[in-house]
Amino acid sequence: MSELNNIALKILEKGKGILAADESTGTMTKRLEGVKVPSTPENRLLFRETLFSASGMSDCIGGVILYDETIKQTSSKKNKIPELISKMGSAPGIKVDTGAKVLAGSPEEKITEGLDGLRERLIEYHKLGAKFTKWRGVYNISKNYPSKLAIHVNAHALARYSALVQECNMVPIVEPEVLMDGEHSANDCYEKTSEVIKKCFDELILHKVDLKGIILKPNMILAGNKSKDKISNEEVANLTLKCLKNSVPSEVPGIAFLSGGQSEVEATENLDLINKNNNTNFIMSYSYGRALQQSALKLWSKNIQNIEGTQKVFNHRAKMNSLAAQGKWSKDLEI
Ligand code: 5MM
């Protein structure tokens, strides 16, 4: 088994998933200001180290995606953040894209940037302890979108990124996110997500990326948040499984979903149903940002010194998702 395949499998072993704590400073500022906490480097670190040192990390979180600021910070107990995460039995990872920018040629769409100088930045992050990385392409659905152009250029960037990451002995998380914003039906989401994922794999193969050494981070198949088309959680799970079965090559060891704006319990319930009905050989787990952090952030904001209380809320969410990653969750376990 290759070293990269080992890292990927370890991150997702025994019901573990990924904590996406890679909000850029702009996004983290919105999150903190949303709960009336000033967005200073100290506060961003305090919230994040509270999660990274919670007991739920060891059983439920196999990897943490960090942002550039955080991977270089030192905790209040004088641990370098990647060391703290490793001590908790989890793998430190890093977001390496530099954000989604307006796509020339189709200005209502986005292309993710960050390839210039990436090889050098990867060497630095690897030295800081990163075992894996993340790059997110974003696509919106409407009558004419995503365009062939957006699908093509984002897949190309994801593949160039992945090849460079593997060259530096880290596992790339490949995140093509088809957004849930809009009036589209679940069937539109199914069609567009399938097209996006297939194109990503065409490019990954062209760039000679070792598919056994990646983790795919897709969206679930959902109706748009302004859609009249309401579908059940069972249908979400079945459509998601059908899409991934038909578009992901069997060599890929694991899939870790993004939550994409679903509520915490909805993201857990859908993941649980996906696992209860999993008719693929893929590990199906989570790489949640909002769906792992929302309640913890809300409680923490009431008293930022309430470390224990915040960790309790986070541990619960992490446990619920870990059970869901094994198809063992049920509603009565929620408090
Ligand atoms: C944690 O949020 C990440 C995005 O941050 P920026 O927009 O500031 O770059 C994001 O990539 C995240 O990792 C995924 O979208 C999953 O997060 P959710 O909240 O959708 O589970």
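Contact here means heavy atoms within 4.5 Å. With that in hand, a good place to start in this predicted model is Phe-52. Setting aside neighbours within four places in sequence, Phe-52 is in contact with Leu-19, Ala-21, Met-57, Val-64, Leu-66, Thr-70, Ile-81, Leu-84, Ile-85 and Met-88. That crowd fits a wider picture: the largest nonpolar core has 90 residues, and Phe-52 and Ile-61 are the ones that touch the most other members. Helix 8, which spans residues 148–167, supplies the largest share of this core, with 9 residues. Another core, of 14 residues, lies apart from it, and its members include Ile-11, Leu-12, Phe-132 and Ala-256. In soluble globular proteins, nonpolar side chains tend to be buried together.

Next comes Gly-17, which sits in strand 1 (residues 17–20). Gly-17 counts as buried because its relative accessibility is 0%, and the cut-off for buried is under 20%. Beyond its neighbours within four places in sequence, Gly-17 is in contact with Ile-11, Leu-12, Cys-60, Ile-61, Gly-62, Gly-63, Ser-285 and Tyr-286. Two of these, Ile-11 and Leu-12, turn up among the members of the 14-residue core. The chain also brings Gly-17 and Ala-325 to 7.7 Å from each other, C-alpha to C-alpha, although 308 residues separate them in sequence.

Then there is the ligand. It has 17 residues around it, and those that come nearest are Ser-24, Thr-27, Lys-95, Lys-134 and Ser-259. Some of the polar contacts can be spelled out. Thr-27 places a polar side-chain atom 2.5 Å from an oxygen atom of the ligand, while for Lys-134 the corresponding distance, again from a polar side-chain atom to a ligand oxygen, is 2.3 Å. Gly-289 takes part through its backbone instead, with an N or O atom 2.9 Å from an oxygen atom of the ligand. On its own the ligand has 500 Å² of accessible area, and the protein covers 89% of that.

Ser-259, one of the residues that come nearest to the ligand, belongs to the loop between strand 9 (254–257) and helix 11. With a relative accessible area of 4%, Ser-259 is buried. Leaving out residues up to four places away in sequence, Ser-259 touches Ala-267, Tyr-288, Gly-289, Arg-290 and Ala-291. Gly-289 in that list is the residue whose backbone makes the 2.9 Å approach to the ligand.

Helix 11 itself offers a pair of residues to look at. Val-265 is found in this helix, which covers residues 264–276, and so is Asn-275. Val-265 counts as partly exposed, at 29% relative accessibility, whereas Asn-275 counts as buried, at 16%. Outside its neighbours within four places in sequence, Val-265 is in contact with Arg-317, Trp-329 and Glu-334. Its C-alpha also lies 9.8 Å from that of Leu-292, which is 27 residues away in sequence. Asn-275, with the same kind of neighbours left aside, is in contact with Met-284, Ala-324, Ala-325, Gln-326 and Gly-327. For Met-284 the detail is polar: a polar atom of the Asn-275 side chain lies 3.0 Å from the backbone oxygen of Met-284. Ala-325 is a name already met, as the residue 7.7 Å from Gly-17.

Strands 4 and 5 make a neat case of pairing. Strand 4 (residues 100–103) and strand 5 (residues 106–112) run antiparallel and are joined by 4 bridges. Val-102 has Lys-110 in strand 5 as its bridge partner. The two strands form a hairpin with 2 residues between them, and Gly-105 in the turn has a positive phi of about 100°.

A few backbone oddities round things off. Most residues other than glycine have a negative phi, and most peptide bonds are trans. Lys-14, though not a glycine, has a positive phi of about 45°. It lies in the loop between helix 1 (3–11) and strand 1, and Lys-14 counts as exposed at 68% relative accessibility. Lys-36 also has a positive phi, near 65°; this residue is in the loop between helix 2 (25–34) and helix 3 (41–52). With a relative accessible area of 74%, Lys-36 is exposed. Finally, the peptide bond from Tyr-145 to Pro-146 is cis, with omega near 0°, and Pro-146 is found in the loop between strand 6 (132–139) and helix 8.

Key: Residues are numbered from 1 along each chain as its sequence is written. This is a predicted model: local features need pLDDT of at least 70, side-chain atom pairs count only at pLDDT 80 or more; totals for chains, interfaces and linings use all residues. Side-chain values use heavy atoms; hydrogens and water are left out. A nonpolar core is a set of buried Ala, Val, Leu, Ile, Met, Phe, Trp, Tyr and Cys residues joined through side-chain atoms within 4.5 Å. Buried means under 20% relative accessible area, exposed over 50%, partly exposed in between (1.4 Å probe, protein chains only). A residue is near a molecule or strand if one of its heavy atoms lies within 4 Å of it. A polar contact is a pair of N or O atoms within 3.5 Å; within protein, one must be able to donate a hydrogen and the other to accept it, and residues adjacent in sequence count only if both atoms are side-chain atoms. Accessible areas come from the Shrake-Rupley method with a 1.4 Å probe; for residues, only the protein chains shown count as cover. Two strands pair if DSSP finds at least two bridges between them.
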